[in-house]
Amino acid sequence: GEPGYAVPRTSGAGALDGDLGENTGGMGAYSPAGPIDAALEREIVETIVRPTVAGMRAEGRPFRGALFVGLMIDAGRPRVIEFNARFGDPETQALLFRLESDLVPLLVGAAEGRLPDDPAPVRFGDPAVCVVLASEGYPRSYPTGREITGLEALADLRQYPPVHEAR
């Protein structure tokens, strides 16, 4: 359904430092997305998001929900890699830490196809970074059951809460 909001974020998928190595599906994320300025965001919405949603509606499959558009920016131009209709990690984690608006009305409005025309009610705060730690060998064969230590060092940094996920 329409309307919708574009919220740029960036994720890294390489298993090694420097975004190198095998594609893992997400080794971290940051928001807002540094390489996406207002002009490029408008281009993404007008040339990718709106035509995609309009095409689904024209085929009798109107979209309601959150549509994540996975892009690569190549020579300043957006290139679609994938579409996701779910709250994936780590991208969602970086976005939700920034969200200052009430999430529930946005989720209900998206599900019912009645988001307000003006995205002004959606407010985001400070930038956020999500870093994923993995054992060597990930995403292939890797040791499991290892203890994560050192989190006590974050105790005084309440704005940087650790989030745990086990795979």
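**View 1. V69 and its partner across the β3–β4 hairpin.** In this predicted model, V69 has F83 of β4 as its bridge partner. The two strands involved are β3, residues 68-74, and β4, residues 77-84, and they pair in the antiparallel sense. Their pairing runs over 7 bridges. Follow the chain to the turn and you will find 2 residues between the strands. One residue to look for in this hairpin is A75, which takes a positive phi near 55°.

**View 2. The buried side of helix α2.** Helix α2 spans residues 91-98, and its buried residues are E91, T92, A94, L95 and R98. Around the helix axis they cover an arc of only 160°, which puts them on the same side of α2. A general point about helices helps here: an α-helix has 3.6 residues a turn, so residues three or four places apart point the same way.

**View 3. V108 of helix α3 beside G65.** Here we turn to V108, found in helix α3, which covers residues 103-112. V108 has a relative accessible area of 34%, so this residue counts as partly exposed. Along the chain, V108 and G65 are 43 residues apart, yet a separation of 8.8 Å is all that lies between their C-alpha atoms.

**View 4. An aromatic pair, Y138 with Y142.** The count of aromatic pairs in the model comes to 1. The ring centres of Y138 and Y142 lie 5.2 Å apart with the ring planes at 75°, so this pair is edge-to-face. An angle over 60 degrees is what earns that name. As for the two partners, Y138 is buried, with a relative accessible area of 17%, whereas Y142 is partly exposed at 27%. The cut-off for buried is under 20%, which is why the two residues carry these labels.

**View 5. A nonpolar patch on the surface.** Six side chains meet the eye here: Y30, V129, V131, L133, I148 and L151 make a nonpolar surface patch of about 610 Å². One of them, I148, lies in the segment after β5, the strand of residues 128-131.

**View 6. Stepping back to the whole chain.** To place the close-ups, it helps to know that the chain has 3 helices and 5 strands. Reading along the sequence, you meet them in the pattern β-β-α-β-β-α-α-β. The chain has 167 residues, and 25% of them are buried.

Notes: Residues numbered from 1 in each chain as written. Predicted model: local features only at pLDDT ≥ 70, side-chain atom pairs only at ≥ 80, totals over all residues. Heavy atoms only, no water. Patch = residues over 30% accessible without salt bridge, like charges linked within 9 Å, V, L, I, M, F, W, Y side chains within 5 Å. Areas by Shrake-Rupley, 256 points an atom, 1.4 Å probe, with all protein chains shown as cover. Salt bridge = Lys/Arg side-chain N within 4 Å of Asp/Glu carboxyl O. Helix = DSSP H or I, 4+ residues; strand = E, 2+ residues; numbered from the N terminus. Phe/Tyr/Trp six-rings, centres within 6.5 Å; stacked < 30°, edge-to-face > 60°. Buried < 20%, exposed > 50% of the residue type's maximum accessible area, 1.4 Å probe, protein only. Arc of directions from axis to C-beta. Pairing = 2+ DSSP bridges.
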